[in-house]
Amino acid sequence: MIEATLCFPLREAGDADEVLLIEKRRGLGEGWYNGPGGKCEPGETPRECAVRETEEEVGLEVRALEKAGELTFLLDGEGHTRCHVYRTRSFAGEPTASEEAYPEWVSVDDVPYDRMWDDDSLWLPGVLAGKTVAGEFRFEGGEPLDEAEFTDHDLEWGVSLEGRE
C-alpha cells in the first residue's frame, strides 16, 4: 500500500481563515485542487514526508504539524493508499509555484470541492474546523485511481491519532 501525506497550512485573513491549496500540475489528480503532499520515501516518516513535500511543491517551511486524519483508499477491494493528513498554523516563507503545483490561499468557506476528489467534501471541512478523522474510501474501476468511481465510505470523527505515524 502506498503511504502518502497531505498538509493543510492555515492562516487568519480578516474575519475568516484561509487554507493553502494547490492546483496539481502533473501526476495523480492533475488539474484538481488539494493540499500539498505526496508519497513517503523509504525510511521517511509521514510527518517528515509532509514537511518535505510542502517545501518541494510550494516552498513553504511548515512546523508544528498536527495530525488531523488517517485515510485509507481501497481500489477494487484492495488497499491502494494510506494518506496521513496534517494541518498547521506554523510556517515560514511565501508559497511559490513549482512544476508540480500552483499554490493558492482560499477562504475555508470557499474551498472548491467541485474541483477536488469526490471524497474530499466528506472529510476536509471537519479537518479544517479542527476535528480529527479516520476514514476508508472505496473506489471501483481499476487504475488509475483518479479515473475510478467513488462508491462508498466510512468515517469516524474525534479519533485519537497519537502513535499512528
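Two strands are said to pair if DSSP finds at least two bridges between them, and the strands and helices themselves are DSSP runs (E, at least two residues, for strands; H or I, at least four residues, for helices), numbered from the N terminus. The model on display is predicted, and local features need pLDDT of at least 70, side-chain atom pairs count only at pLDDT 80 or more, and totals for chains, interfaces and linings use all residues. Residues are numbered from 1 along each chain as its sequence is written, and side-chain values use heavy atoms, with hydrogens and water left out.

**Stop one: strand 2 and its partners**

Begin by selecting residues 2-13 and 16-24, which are strand 1 and strand 2, an antiparallel pair held over four bridges. Within this pair, L10 stands opposite V19 of strand 2. The two strands form a hairpin with two residues between them, and in the turn G14 has a positive phi of about 70°.

Add residues 101-107 next, since strand 9 pairs with strand 2 in the antiparallel sense over seven bridges; here I22 stands opposite P103. Strand 3, residues 33-34, is also antiparallel to strand 2, over two bridges, and Y33 in strand 3 faces E23.

**Stop two: helix 2 and the nonpolar cores**

Now select helix 2, where D120, W123, L124, G126, V127 and L128 are the buried residues (under 20% relative accessible area, with a 1.4 Å probe and protein chains only). Colour the largest nonpolar core (buried Ala, Val, Leu, Ile, Met, Phe, Trp, Tyr and Cys residues joined through side-chain atoms within 4.5 Å), which has 25 residues, with F8, L71, W123, L124 and F139 making the most contacts inside it. At least two residues of this core come from each of strand 1, strand 2, strand 6 (66-75), strand 7 (78-88), helix 2 and strand 10. Apart from it lies another core, of 11 residues, including A50, V62, L65 and W105.

Centre the view on L124, which touches F8, V111, Y113 and M116 (heavy atoms within 4.5 Å), not counting residues up to four places away in sequence.

**Stop three: the loop after helix 2**

Just after helix 2, select G130, which takes a positive phi of about 100°. Continue to T132, in the loop between helix 2 (120-128) and strand 10 (133-140). T132 is buried, with a relative accessible area of 17%, and its side chain reaches the backbone oxygen of V159 at 2.7 Å. Leaving aside neighbours within four places in sequence, show the residues in contact with T132: K67, A68, R87, E156, W157, G158, V159 and L161.

Conventions: Buried means under 20% relative accessible area, exposed over 50%, partly exposed in between (1.4 Å probe, protein chains only). A polar contact is a pair of N or O atoms within 3.5 Å; within protein, one must be able to donate a hydrogen and the other to accept it, and residues adjacent in sequence count only if both atoms are side-chain atoms.
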